[in-house]
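Student: I've got a model open and I'd like to talk it through. Can we start with one residue and then zoom out?

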Amino acid sequence: MQAVVIDKPGDVSVGEVADPVPGPDELVVAVRACGICGTDLHLVDGEFSLARYPLVPGHEFAGEVVAVGRRVTGIPVGTMITADPNSFCGRCRPCREGHGNLCEDFTALGVTVPGAAAEFVAVPSWLARPLPADFDMSVAALVEPLSCAVHGYDLVRPKLGDRFLIYGAGTMGLLLLALASRAGAISVTVVEPHAKRRELARSFGATKVFARGEELDGARFEVVIDVTGVVGAIEDALHHLRRGGTYQQFGVAPADALASFSPFRLYNDELSFVGSMAVLHSFDRACDLAVNLDLGLERLLSEPLPLASYVQALDRVRRGEGVKVQVAPQARKRK
């Protein structure tokens, strides 16, 4: 089959690799859509310490089951699915305490084992989530990032009537906006420098949209979320947190980046700081939201590129073109 292979950091190609064969508890999925996100850029750049090279990337995907292992039940060939890419060991202390996303020995499709930037991918059956047969597979491939947003929303623990401020209107910022605007926020304000993304933010229900933080004119909010990972944006966002408010670091900053804040204000204003990392107890709910609510997720998508154009797709992501860039592997029928 055709697959993207990162042989080592900086070395990406598309070529022939062996077709996956399902283990006893696995499915093989013909990949119809596979998204690219910042994690994939980190993998290509060698900035993800747990990556195991050579590696087939791709962890946001959906497709059709074309083969099942001998112990798999309830998911027949022909089922359309998406899948949580993460498996947790269940034995380490974070897992035992309910923090599987912080697992000390996790495996993840497209990070530690072959992923879905390929015609076919092998998936542990317990990670698969069946979808309606006619569901848009490009939208289905957004369930994984949506599940990250659901987990982030869980951690904020907002109250009805809270005012939200979100820095960044890329995929994750827009998904968090969609959740907040449907779940009781009295207003959601967005700061985003790109004009087209500001328009998208308005279409997703943003109450106010600004190009720069200084346009907020000193306004403060109960919930402030940074989705950019940019130190300047983070420091600016913190200035707009109300007393007793919650700040969430959702965006991924470089590991060596440092941002300044006032410890006195953290104490005196009883502020809460919280991070949000990946997915935890949120994938099923994200599936339900995507299938049963009209969240308008298709607005995030541009025309998918063929698998052979994966390097060009990476370049689009680096340049910030579009919102969610996907490739659509042209999976052939298995013999």
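Student: Which helix holds Gly 152?

Tutor: This is a predicted model, where local features need pLDDT of at least 70, side-chain atom pairs count only at pLDDT 80 or more, and totals for chains, interfaces and linings use all residues. Residues are numbered from 1 along each chain as its sequence is written, and side-chain values use heavy atoms, with hydrogens and water left out. Helices are DSSP runs of H or I with at least four residues, and strands are E runs of at least two, numbered from the N terminus. Residues 143–156 make up one such run, and Gly 152 sits in it: helix H4.

Student: Is Gly 152 buried or exposed?

Tutor: Buried means under 20% relative accessible area, exposed over 50%, and partly exposed in between (1.4 Å probe, protein chains only). Gly 152 has a relative accessible area of 0%, so Gly 152 is buried.

Student: Which residues is Gly 152 in contact with, leaving aside neighbours within four places in sequence?

Tutor: Contact means heavy atoms within 4.5 Å. With those neighbours set aside, the partners of Gly 152 are Gln 248, Phe 250 and Ser 276.

Student: Zooming out, how many helices and strands does the protein chain have?

Tutor: H4 is just the helix that holds Gly 152. The count for the protein chain is 10 helices and 16 strands.

Student: And what share of the protein chain's residues count as buried?

Tutor: Gly 152 is buried, and the chain has 335 residues to go through. The share that counts as buried is 53%.
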